[in-house]
Amino acid sequence: MDYILNGFVEAFRLIFSFDPEIIQIVLLSLYVSFSSTLYATLIGVPVGILLGINTFKGKRIVSRLLYTFMSFPPVIIGLFTALFLARSGPFGQFQLMYTPQAMIIAQTILVTPVITGIIFNQAGTSGHEVVQTGKTLGAQKWNILILLILELKSVIMIALVTGFGRAISEVGAVMIVGGNIRGFTRVMTTFIAMNNNMGQYSVSIAMGLILLTISFITNSILYHFVMGDQNENRG
Amino acid sequence: MKIEAKEIVKTYQDKSVLTLKGTHHHLVFEPGKIYGIIGPNGSGKTTLLKIMAGLIPMSSGNMLYNNQSLTHQTMTEMTYSSHSPTLFSRSIYENIAYPLRIRKVDKQMIDDTVNGLLAEFELNKIQTQNAKHLSGGESQKTALARALSFSPKVLFLDEPTANIDPKSIRIIESALKKRNHHDNLTVIIITHNLSQAFRLCSHLIFMDQGQCLFSGTPEEIMATSDPIINDFISYNRF
(Lines give C-alpha, C1' and ligand atoms only; values in the text may rest on other atoms or scores of the structure.)
Protein backbone atom coordinates (compact mmCIF):
# COMPACT_ATOMS: atom_id res chain seq x y z
CA MET A 1 0.00 0.00 0.00
CA ASP A 2 2.87 2.35 0.81
CA TYR A 3 3.99 2.65 -2.78
CA ILE A 4 0.53 3.82 -3.81
CA LEU A 5 0.46 6.46 -1.06
CA ASN A 6 4.02 7.52 -1.87
CA GLY A 7 2.98 7.62 -5.50
CA PHE A 8 0.28 10.19 -4.69
CA VAL A 9 2.69 12.28 -2.57
CA GLU A 10 5.25 12.23 -5.37
CA ALA A 11 2.50 13.00 -7.89
CA PHE A 12 1.48 16.20 -6.12
CA ARG A 13 5.15 17.19 -5.79
CA LEU A 14 5.58 16.69 -9.54
CA ILE A 15 2.45 18.63 -10.43
CA PHE A 16 3.41 21.64 -8.32
CA SER A 17 7.03 21.57 -9.48
CA PHE A 18 5.75 22.71 -12.90
CA ASP A 19 8.20 20.41 -14.67
CA PRO A 20 8.70 21.78 -18.24
CA GLU A 21 8.45 18.29 -19.71
CA ILE A 22 5.12 17.63 -17.97
CA ILE A 23 3.79 21.02 -19.13
CA GLN A 24 4.89 20.30 -22.71
CA ILE A 25 3.17 16.88 -22.63
CA VAL A 26 -0.05 18.37 -21.26
CA LEU A 27 -0.06 21.16 -23.83
CA LEU A 28 0.58 18.75 -26.70
CA SER A 29 -2.21 16.47 -25.49
CA LEU A 30 -4.62 19.39 -25.36
CA TYR A 31 -3.51 20.65 -28.78
CA VAL A 32 -3.94 17.22 -30.43
CA SER A 33 -7.27 16.46 -28.77
CA PHE A 34 -8.78 19.92 -29.25
CA SER A 35 -7.69 19.96 -32.90
CA SER A 36 -9.11 16.53 -33.64
CA THR A 37 -12.36 17.36 -31.80
CA LEU A 38 -12.65 20.58 -33.80
CA TYR A 39 -12.16 18.80 -37.16
CA ALA A 40 -14.51 15.98 -36.10
CA THR A 41 -17.14 18.58 -35.11
CA LEU A 42 -16.85 20.37 -38.45
CA ILE A 43 -17.43 17.05 -40.22
CA GLY A 44 -19.72 15.27 -37.74
CA VAL A 45 -22.30 17.98 -36.97
CA PRO A 46 -23.46 18.71 -40.54
CA VAL A 47 -23.17 15.05 -41.59
CA GLY A 48 -25.11 13.91 -38.49
CA ILE A 49 -27.82 16.50 -39.10
CA LEU A 50 -28.13 15.65 -42.81
CA LEU A 51 -28.25 11.90 -42.18
CA GLY A 52 -30.69 12.35 -39.29
CA ILE A 53 -33.29 14.57 -40.91
CA ASN A 54 -33.32 12.98 -44.36
CA THR A 55 -35.01 9.76 -45.34
CA PHE A 56 -33.15 7.67 -47.88
CA LYS A 57 -32.62 4.08 -48.96
CA GLY A 58 -30.04 2.29 -46.82
CA LYS A 59 -30.47 4.61 -43.81
CA ARG A 60 -30.61 1.62 -41.47
CA ILE A 61 -27.33 0.27 -42.79
CA VAL A 62 -25.74 3.70 -42.45
CA SER A 63 -26.91 3.97 -38.84
CA ARG A 64 -25.59 0.49 -38.01
CA LEU A 65 -22.23 1.31 -39.57
CA LEU A 66 -22.14 4.58 -37.69
CA TYR A 67 -22.84 2.95 -34.35
CA THR A 68 -20.20 0.30 -35.09
CA PHE A 69 -17.62 2.98 -35.83
CA MET A 70 -18.56 4.75 -32.59
CA SER A 71 -17.10 1.84 -30.66
CA PHE A 72 -14.21 1.09 -32.99
CA PRO A 73 -11.04 0.14 -31.03
CA PRO A 74 -8.48 2.99 -31.16
CA VAL A 75 -5.62 0.59 -31.90
CA ILE A 76 -7.35 -0.57 -35.07
CA ILE A 77 -7.83 3.03 -36.17
CA GLY A 78 -4.20 3.71 -35.30
CA LEU A 79 -3.12 0.69 -37.30
CA PHE A 80 -5.09 1.68 -40.42
CA THR A 81 -3.98 5.31 -40.17
CA ALA A 82 -0.36 4.11 -39.86
CA LEU A 83 -0.76 1.89 -42.94
CA PHE A 84 -1.92 4.89 -44.95
CA LEU A 85 0.65 7.32 -43.57
CA ALA A 86 3.66 4.99 -43.52
CA ARG A 87 6.49 5.80 -45.94
CA SER A 88 5.38 3.03 -48.32
CA GLY A 89 1.65 3.83 -47.86
CA PRO A 90 -0.60 5.89 -50.17
CA PHE A 91 0.10 9.10 -48.24
CA GLY A 92 3.73 8.31 -47.42
CA GLN A 93 5.00 11.23 -49.49
CA PHE A 94 3.61 13.69 -46.95
CA GLN A 95 5.92 12.28 -44.23
CA LEU A 96 3.30 12.59 -41.53
CA MET A 97 4.08 9.39 -39.64
CA TYR A 98 5.30 10.00 -36.05
CA THR A 99 4.19 13.63 -36.07
CA PRO A 100 1.46 15.42 -34.06
CA GLN A 101 -0.42 15.83 -37.37
CA ALA A 102 -0.65 12.04 -37.71
CA MET A 103 -2.01 11.88 -34.18
CA ILE A 104 -4.61 14.52 -35.03
CA ILE A 105 -5.65 12.56 -38.15
CA ALA A 106 -6.01 9.32 -36.18
CA GLN A 107 -8.00 10.98 -33.41
CA THR A 108 -10.21 12.80 -35.92
CA ILE A 109 -11.06 9.41 -37.48
CA LEU A 110 -11.74 8.09 -33.99
CA VAL A 111 -13.91 10.98 -32.80
CA THR A 112 -15.91 11.81 -35.96
CA PRO A 113 -18.26 8.79 -35.71
CA VAL A 114 -18.89 9.55 -32.02
CA ILE A 115 -20.00 13.11 -32.77
CA THR A 116 -21.86 12.13 -35.96
CA GLY A 117 -23.68 9.28 -34.18
CA ILE A 118 -24.90 11.43 -31.27
CA ILE A 119 -26.09 14.22 -33.58
CA PHE A 120 -27.63 11.70 -36.03
CA ASN A 121 -29.65 10.11 -33.25
CA GLN A 122 -31.09 13.40 -31.96
CA ALA A 123 -31.60 14.97 -35.39
CA GLY A 124 -33.58 11.88 -36.42
CA THR A 125 -36.05 12.34 -33.56
CA SER A 126 -36.54 16.06 -32.93
CA GLY A 127 -34.71 17.47 -35.95
CA HIS A 128 -37.37 16.41 -38.44
CA GLU A 129 -40.07 18.35 -36.56
CA VAL A 130 -37.86 21.44 -36.45
CA VAL A 131 -37.30 21.23 -40.22
CA GLN A 132 -41.04 20.86 -40.91
CA THR A 133 -41.87 23.78 -38.62
CA GLY A 134 -39.18 25.93 -40.20
CA LYS A 135 -40.61 25.17 -43.65
CA THR A 136 -44.14 26.11 -42.56
CA LEU A 137 -42.85 29.46 -41.33
CA GLY A 138 -41.17 30.24 -44.63
CA ALA A 139 -37.56 29.42 -43.69
CA GLN A 140 -35.11 28.75 -46.49
CA LYS A 141 -32.54 25.92 -46.37
CA TRP A 142 -29.89 28.16 -44.82
CA ASN A 143 -32.33 29.41 -42.12
CA ILE A 144 -33.32 25.83 -41.36
CA LEU A 145 -29.70 24.71 -40.91
CA ILE A 146 -29.05 27.55 -38.45
CA LEU A 147 -32.33 26.80 -36.68
CA LEU A 148 -31.37 23.12 -36.36
CA ILE A 149 -27.93 23.93 -34.94
CA LEU A 150 -29.49 26.29 -32.39
CA GLU A 151 -32.21 23.82 -31.44
CA LEU A 152 -29.69 20.98 -31.10
CA LYS A 153 -27.05 23.05 -29.30
CA SER A 154 -27.25 21.08 -26.04
CA VAL A 155 -26.79 17.81 -27.92
CA ILE A 156 -23.96 19.29 -29.97
CA MET A 157 -22.27 20.33 -26.74
CA ILE A 158 -22.68 16.83 -25.29
CA ALA A 159 -21.31 15.30 -28.52
CA LEU A 160 -18.36 17.67 -28.45
CA VAL A 161 -17.39 16.85 -24.88
CA THR A 162 -17.93 13.13 -25.40
CA GLY A 163 -15.70 13.32 -28.47
CA PHE A 164 -13.05 15.30 -26.62
CA GLY A 165 -13.20 12.78 -23.75
CA ARG A 166 -12.63 9.92 -26.19
CA ALA A 167 -9.76 11.78 -27.86
CA ILE A 168 -7.84 12.82 -24.77
CA SER A 169 -8.20 9.46 -23.00
CA GLU A 170 -7.21 7.14 -25.84
CA VAL A 171 -3.74 5.66 -26.03
CA GLY A 172 -3.71 3.02 -28.76
CA ALA A 173 -4.01 5.20 -31.87
CA VAL A 174 -1.62 7.96 -30.79
CA MET A 175 0.93 5.40 -29.64
CA ILE A 176 0.96 3.73 -33.07
CA VAL A 177 0.99 6.81 -35.30
CA GLY A 178 2.83 9.15 -32.90
CA GLY A 179 5.40 6.74 -31.54
CA ASN A 180 5.61 8.40 -28.08
CA ILE A 181 8.71 10.38 -29.03
CA ARG A 182 9.98 12.45 -26.10
CA GLY A 183 9.49 16.17 -26.62
CA PHE A 184 7.72 15.65 -29.94
CA THR A 185 4.78 13.23 -29.91
CA ARG A 186 4.59 12.18 -26.25
CA VAL A 187 1.12 12.86 -24.81
CA MET A 188 -0.41 12.21 -21.38
CA THR A 189 -1.80 8.75 -22.11
CA THR A 190 1.34 7.41 -23.79
CA PHE A 191 3.40 8.94 -20.98
CA ILE A 192 1.29 7.13 -18.35
CA ALA A 193 1.48 3.83 -20.22
CA MET A 194 5.26 4.12 -20.64
CA ASN A 195 5.94 5.02 -16.99
CA ASN A 196 3.61 2.29 -15.77
CA ASN A 197 5.62 -0.23 -17.80
CA MET A 198 8.80 1.13 -16.23
CA GLY A 199 7.37 0.87 -12.71
CA GLN A 200 7.43 4.64 -12.15
CA TYR A 201 4.02 4.83 -10.59
CA SER A 202 4.35 8.31 -9.07
CA VAL A 203 4.69 10.06 -12.42
CA SER A 204 1.91 7.91 -13.84
CA ILE A 205 -0.35 8.90 -10.95
CA ALA A 206 0.66 12.57 -11.36
CA MET A 207 -0.29 12.53 -15.04
CA GLY A 208 -3.44 10.53 -14.24
CA LEU A 209 -4.48 13.26 -11.80
CA ILE A 210 -3.89 15.93 -14.45
CA LEU A 211 -6.01 13.93 -16.91
CA LEU A 212 -8.77 13.63 -14.33
CA THR A 213 -8.61 17.38 -13.65
CA ILE A 214 -8.93 18.16 -17.36
CA SER A 215 -11.84 15.73 -17.60
CA PHE A 216 -13.49 17.42 -14.60
CA ILE A 217 -13.03 20.88 -16.15
CA THR A 218 -14.49 19.86 -19.53
CA ASN A 219 -17.44 18.16 -17.83
CA SER A 220 -18.00 21.25 -15.68
CA ILE A 221 -18.11 23.37 -18.83
CA LEU A 222 -20.62 20.93 -20.34
CA TYR A 223 -22.71 21.03 -17.16
CA HIS A 224 -22.64 24.82 -17.22
CA PHE A 225 -23.87 24.96 -20.83
CA VAL A 226 -26.38 22.11 -20.77
CA MET A 227 -27.84 22.63 -17.29
CA GLY A 228 -27.72 26.38 -17.75
CA ASP A 229 -29.76 25.93 -20.90
CA GLN A 230 -32.23 23.63 -19.16
CA ASN A 231 -32.64 26.04 -16.24
CA GLU A 232 -33.25 28.80 -18.75
CA ASN A 233 -35.83 26.56 -20.42
CA ARG A 234 -37.69 26.22 -17.13
CA GLY A 235 -37.56 30.01 -17.01
CA MET B 1 -55.11 32.20 -52.66
CA LYS B 2 -57.30 29.63 -54.38
CA ILE B 3 -56.30 26.05 -53.64
CA GLU B 4 -57.37 23.03 -55.65
CA ALA B 5 -56.81 19.38 -54.75
CA LYS B 6 -57.45 17.15 -57.76
CA GLU B 7 -57.67 13.35 -57.50
CA ILE B 8 -55.08 13.23 -54.74
CA VAL B 9 -53.84 9.77 -53.80
CA LYS B 10 -51.43 9.01 -50.97
CA THR B 11 -50.09 5.54 -50.26
CA TYR B 12 -47.84 4.40 -47.42
CA GLN B 13 -46.02 1.11 -48.00
CA ASP B 14 -48.49 0.08 -50.74
CA LYS B 15 -51.48 0.90 -48.49
CA SER B 16 -53.76 3.69 -49.65
CA VAL B 17 -54.45 6.24 -46.90
CA LEU B 18 -56.04 8.95 -49.04
CA THR B 19 -57.94 8.72 -52.31
CA LEU B 20 -59.92 11.67 -53.63
CA LYS B 21 -62.22 10.13 -56.24
CA GLY B 22 -65.87 10.02 -57.29
CA THR B 23 -68.13 13.04 -56.67
CA HIS B 24 -65.58 14.79 -54.47
CA HIS B 25 -62.41 14.02 -56.41
CA HIS B 26 -61.79 17.74 -56.93
CA LEU B 27 -61.78 19.97 -53.83
CA VAL B 28 -61.65 23.74 -54.29
CA PHE B 29 -60.76 26.12 -51.47
CA GLU B 30 -61.71 29.69 -52.30
CA PRO B 31 -59.72 32.58 -50.80
CA GLY B 32 -60.99 34.33 -47.69
CA LYS B 33 -63.14 31.47 -46.40
CA ILE B 34 -62.90 29.20 -43.39
CA TYR B 35 -63.10 25.51 -44.27
CA GLY B 36 -63.55 22.74 -41.75
CA ILE B 37 -62.39 19.17 -42.31
CA ILE B 38 -64.19 16.70 -40.09
CA GLY B 39 -64.37 12.93 -39.82
CA PRO B 40 -63.33 10.02 -37.61
CA ASN B 41 -59.71 9.25 -36.65
CA GLY B 42 -57.66 7.69 -39.43
CA SER B 43 -59.89 9.11 -42.16
CA GLY B 44 -57.01 10.91 -43.95
CA LYS B 45 -57.71 14.46 -42.74
CA THR B 46 -54.16 15.19 -41.54
CA THR B 47 -52.64 13.56 -44.63
CA LEU B 48 -54.78 15.78 -46.89
CA LEU B 49 -53.92 18.89 -44.85
CA LYS B 50 -50.17 18.14 -44.91
CA ILE B 51 -50.24 17.52 -48.67
CA MET B 52 -52.03 20.83 -49.22
CA ALA B 53 -49.51 22.58 -46.95
CA GLY B 54 -46.66 21.09 -49.02
CA LEU B 55 -45.26 19.15 -46.08
CA ILE B 56 -45.58 15.65 -47.52
CA PRO B 57 -45.59 14.57 -51.17
CA MET B 58 -48.65 12.99 -52.75
CA SER B 59 -48.38 9.66 -54.58
CA SER B 60 -50.48 10.95 -57.47
CA GLY B 61 -52.87 13.77 -58.29
CA ASN B 62 -52.54 17.49 -58.73
CA MET B 63 -52.31 20.37 -56.26
CA LEU B 64 -52.82 23.89 -57.59
CA TYR B 65 -52.30 27.20 -55.83
CA ASN B 66 -53.83 30.05 -57.86
CA ASN B 67 -53.69 27.66 -60.84
CA GLN B 68 -49.97 27.02 -60.34
CA SER B 69 -47.90 24.24 -58.84
CA LEU B 70 -46.34 24.63 -55.41
CA THR B 71 -43.32 26.93 -55.34
CA HIS B 72 -41.11 28.20 -52.52
CA GLN B 73 -42.82 31.58 -52.88
CA THR B 74 -46.21 29.90 -52.33
CA MET B 75 -44.81 28.08 -49.27
CA THR B 76 -43.83 31.43 -47.73
CA GLU B 77 -47.45 32.62 -48.02
CA MET B 78 -48.96 29.62 -46.21
CA THR B 79 -48.41 28.11 -42.80
CA TYR B 80 -49.39 25.05 -40.80
CA SER B 81 -49.87 24.42 -37.11
CA SER B 82 -50.77 21.13 -35.44
CA HIS B 83 -52.30 20.16 -32.08
CA SER B 84 -48.80 19.44 -30.77
CA PRO B 85 -46.82 22.36 -32.22
CA THR B 86 -43.03 22.40 -32.28
CA LEU B 87 -41.97 25.52 -30.47
CA PHE B 88 -38.35 26.58 -30.50
CA SER B 89 -36.16 26.58 -27.42
CA ARG B 90 -36.29 30.35 -26.92
CA SER B 91 -38.68 32.86 -25.39
CA ILE B 92 -42.31 33.16 -26.46
CA TYR B 93 -41.45 36.61 -27.85
CA GLU B 94 -38.63 35.17 -29.99
CA ASN B 95 -40.81 32.30 -31.22
CA ILE B 96 -43.40 34.76 -32.49
CA ALA B 97 -40.70 37.02 -33.94
CA TYR B 98 -38.96 34.16 -35.81
CA PRO B 99 -40.91 34.31 -39.13
CA LEU B 100 -40.37 38.08 -39.23
CA ARG B 101 -36.65 37.83 -38.45
CA ILE B 102 -36.04 35.37 -41.31
CA ARG B 103 -37.93 37.77 -43.60
CA LYS B 104 -35.56 40.52 -42.45
CA VAL B 105 -38.40 42.74 -41.25
CA ASP B 106 -37.43 46.05 -39.62
CA LYS B 107 -36.80 45.77 -35.83
CA GLN B 108 -39.43 48.32 -34.84
CA MET B 109 -41.98 46.58 -37.04
CA ILE B 110 -41.11 43.23 -35.43
CA ASP B 111 -41.53 44.73 -31.97
CA ASP B 112 -44.89 46.30 -32.82
CA THR B 113 -46.24 43.13 -34.47
CA VAL B 114 -45.07 40.77 -31.73
CA ASN B 115 -46.32 43.02 -28.92
CA GLY B 116 -49.69 43.26 -30.64
CA LEU B 117 -49.94 39.47 -30.90
CA LEU B 118 -48.76 38.97 -27.31
CA ALA B 119 -51.55 41.25 -26.13
CA GLU B 120 -54.17 39.65 -28.40
CA PHE B 121 -53.30 36.13 -27.21
CA GLU B 122 -52.84 37.24 -23.59
CA LEU B 123 -49.25 36.08 -23.53
CA ASN B 124 -47.57 39.38 -22.58
CA LYS B 125 -47.06 38.43 -18.92
CA ILE B 126 -45.10 35.32 -19.85
CA GLN B 127 -43.42 36.60 -23.03
CA THR B 128 -39.88 36.00 -21.69
CA GLN B 129 -40.61 32.40 -20.65
CA ASN B 130 -38.99 29.64 -22.67
CA ALA B 131 -41.60 28.18 -25.03
CA LYS B 132 -40.44 24.61 -24.38
CA HIS B 133 -42.14 24.63 -20.99
CA LEU B 134 -45.64 25.91 -21.58
CA SER B 135 -49.08 24.46 -20.89
CA GLY B 136 -51.19 23.12 -23.78
CA GLY B 137 -53.20 26.32 -24.15
CA GLU B 138 -50.14 28.58 -23.94
CA SER B 139 -48.32 26.44 -26.53
CA GLN B 140 -51.26 26.60 -28.94
CA LYS B 141 -51.63 30.33 -28.53
CA THR B 142 -47.89 30.86 -29.06
CA ALA B 143 -47.91 28.63 -32.14
CA LEU B 144 -50.90 30.44 -33.62
CA ALA B 145 -49.47 33.88 -32.82
CA ARG B 146 -46.23 32.79 -34.54
CA ALA B 147 -48.17 31.49 -37.54
CA LEU B 148 -50.08 34.75 -37.87
CA SER B 149 -47.09 37.05 -37.29
CA PHE B 150 -46.14 37.24 -40.97
CA SER B 151 -49.75 37.64 -42.20
CA PRO B 152 -49.98 34.46 -44.30
CA LYS B 153 -52.64 34.13 -46.97
CA VAL B 154 -53.54 30.55 -46.01
CA LEU B 155 -53.52 28.95 -42.57
CA PHE B 156 -53.72 25.16 -42.15
CA LEU B 157 -54.68 24.08 -38.64
CA ASP B 158 -54.78 20.52 -37.35
CA GLU B 159 -56.96 20.42 -34.24
CA PRO B 160 -55.59 23.67 -32.81
CA THR B 161 -57.90 23.64 -29.80
CA ALA B 162 -57.67 19.97 -28.80
CA ASN B 163 -57.40 19.57 -25.01
CA ILE B 164 -57.16 23.24 -24.14
CA ASP B 165 -59.19 25.42 -21.80
CA PRO B 166 -62.39 27.25 -22.98
CA LYS B 167 -60.84 30.70 -22.56
CA SER B 168 -57.90 29.83 -24.83
CA ILE B 169 -60.32 28.31 -27.36
CA ARG B 170 -62.31 31.58 -27.35
CA ILE B 171 -59.11 33.63 -27.90
CA ILE B 172 -57.97 31.38 -30.77
CA GLU B 173 -61.36 31.36 -32.50
CA SER B 174 -61.67 35.11 -32.13
CA ALA B 175 -58.20 35.64 -33.68
CA LEU B 176 -59.09 33.38 -36.62
CA LYS B 177 -62.38 35.15 -37.28
CA LYS B 178 -60.70 38.56 -37.05
CA ARG B 179 -57.94 37.64 -39.55
CA ASN B 180 -60.46 36.03 -41.88
CA HIS B 181 -62.74 39.05 -41.76
CA HIS B 182 -60.14 41.84 -41.93
CA ASP B 183 -57.21 40.27 -43.81
CA ASN B 184 -59.12 37.85 -46.04
CA LEU B 185 -57.14 34.96 -44.50
CA THR B 186 -58.13 31.50 -45.79
CA VAL B 187 -58.32 28.99 -42.94
CA ILE B 188 -58.49 25.23 -43.42
CA ILE B 189 -59.03 23.64 -40.05
CA ILE B 190 -59.33 20.03 -38.91
CA THR B 191 -61.53 19.75 -35.86
CA HIS B 192 -63.31 17.05 -33.89
CA ASN B 193 -65.46 19.68 -32.28
CA LEU B 194 -68.62 20.00 -34.39
CA SER B 195 -69.87 23.06 -32.51
CA GLN B 196 -66.55 24.76 -33.29
CA ALA B 197 -66.85 23.74 -36.94
CA PHE B 198 -70.32 25.30 -37.05
CA ARG B 199 -69.15 28.44 -35.23
CA LEU B 200 -66.18 29.04 -37.51
CA CYS B 201 -66.65 27.46 -40.89
CA SER B 202 -68.63 28.46 -43.93
CA HIS B 203 -67.85 25.19 -45.64
CA LEU B 204 -67.33 21.65 -44.33
CA ILE B 205 -65.61 18.60 -45.77
CA PHE B 206 -66.35 15.18 -44.33
CA MET B 207 -63.77 12.44 -44.69
CA ASP B 208 -63.94 8.74 -43.95
CA GLN B 209 -61.48 5.92 -44.75
CA GLY B 210 -59.31 8.16 -46.91
CA GLN B 211 -62.19 9.46 -49.02
CA CYS B 212 -64.13 12.67 -49.13
CA LEU B 213 -67.82 11.83 -48.62
CA PHE B 214 -69.21 15.34 -48.38
CA SER B 215 -68.35 18.91 -49.29
CA GLY B 216 -70.82 21.71 -48.58
CA THR B 217 -72.20 24.18 -46.08
CA PRO B 218 -72.91 23.33 -42.41
CA GLU B 219 -76.64 23.48 -43.16
CA GLU B 220 -76.25 21.01 -46.02
CA ILE B 221 -74.30 18.52 -43.91
CA MET B 222 -77.07 18.58 -41.29
CA ALA B 223 -79.59 17.74 -44.01
CA THR B 224 -77.59 14.90 -45.56
CA SER B 225 -78.97 11.37 -45.55
CA ASP B 226 -75.57 9.64 -45.68
CA PRO B 227 -75.66 7.12 -42.78
CA ILE B 228 -71.90 7.40 -42.06
CA ILE B 229 -72.10 11.19 -41.75
CA ASN B 230 -75.30 11.03 -39.71
CA ASP B 231 -73.71 8.48 -37.40
CA PHE B 232 -70.64 10.75 -36.91
CA ILE B 233 -72.82 13.80 -36.25
CA SER B 234 -75.02 11.98 -33.78
CA TYR B 235 -71.95 10.99 -31.72
CA ASN B 236 -70.61 14.55 -31.84
CA ARG B 237 -73.84 16.42 -31.09
CA PHE B 238 -73.25 19.66 -29.28
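**Reading the interface, sheet and helix packing**

Modeller: In this predicted model, 15 residues of chain A are in contact with 20 residues of chain B.

Colleague: Which elements of chain A each supply at least two residues of the side that touches chain B?

Modeller: The size of an interface is often given as the accessible area lost when the parts come together. Here one can instead go by elements: α5 (100–136), α6 (141–151) and α10 (201–234) of chain A each contribute at least two residues to the side facing chain B, and α5(A), with six residues, provides the largest share. Sorted by class, that side of chain A holds three nonpolar, seven polar and five charged residues.

Colleague: What helices and strands does chain A have?

Modeller: Chain A has ten helices and zero strands, and its C-alpha trace spans about 65 × 55 × 30 Å along the principal axes. Of its 235 residues, 38% count as buried, and among the contacts in chain A between residues at least 6 apart in sequence, 78% join residues at least 24 apart.

Colleague: Turning to chain B, in what order do the six strands of the open sheet lie?

Modeller: Strands of a sheet pair through backbone hydrogen bonds, either parallel or antiparallel. In chain B the six strands follow the order β6-β7-β8-β4-β9-β10, with mixed pairing; the edge strands, each paired on one side only, are β6 (78–81) and β10 (211–216) of chain B, and the twist from one strand to the next averages 15°.

Colleague: How many bridges join β9 to β10 in chain B, and do they run parallel or antiparallel?

Modeller: Strand β9 (residues 203–208) of chain B is joined to β10(B) by five bridges, and the two run antiparallel, with Phe206(B) standing opposite Phe214(B) of β10(B). Helix α1 (residues 45–52) of chain B packs on the sheet, where it touches β4 (34–38), β7 (154–158), β8 (186–190) and β9 of chain B, and its direction makes about 150° with that of β8(B).

Colleague: How do α3 and α5 of chain B pack?

Modeller: Two packed helices are described by the angle between their axes and the distance between the axes. For α3 (residues 92–102) and α5 (residues 136–148) of chain B, the angle is about 30° and the axes are 7 Å apart; because angles under 35 degrees count as roughly parallel, α3(B) is roughly parallel to α5(B). The crossing of α3(B) past α5(B) is right-handed. The contact is made by Ile92(B), Asn95(B), Ile96(B), Tyr98(B) and Pro99(B) of α3(B) together with Thr142(B), Ala145(B) and Arg146(B) of α5(B), which by class gives five nonpolar, two polar and one charged residues.

How values were computed. Residues are numbered from 1 along each chain as its sequence is written. Chains are lettered from A and ligands numbered from 1 in the order in which they are written. This is a predicted model: local features need pLDDT of at least 70, side-chain atom pairs count only at pLDDT 80 or more; totals for chains, interfaces and linings use all residues. Two strands pair if DSSP finds at least two bridges between them. Helices (H or I, at least four residues) and strands (E, at least two) are DSSP runs, numbered from the N terminus. Axes are lines fitted to C-alpha atoms, for helices over the stretch in contact, and angles run from 0 to 180 degrees between N-to-C directions. Two residues are in contact if their C-beta atoms, placed from the backbone, lie within 7 Å. Ala, Val, Leu, Ile, Met, Phe, Trp, Tyr, Cys and Pro count as nonpolar, Asp, Glu, Lys and Arg as charged, and the others, Gly among them, as polar. Angles under 35 degrees count as roughly parallel, over 145 as roughly antiparallel, 65 to 115 as roughly perpendicular and the rest as oblique. A crossing is left-handed if the near helix is turned anticlockwise from the far one by less than a right angle, and right-handed if clockwise. A residue is buried if 20 or more other C-beta atoms lie within 10 Å of its own, exposed if 12 or fewer, and partly exposed in between; C-beta atoms are placed from the backbone.
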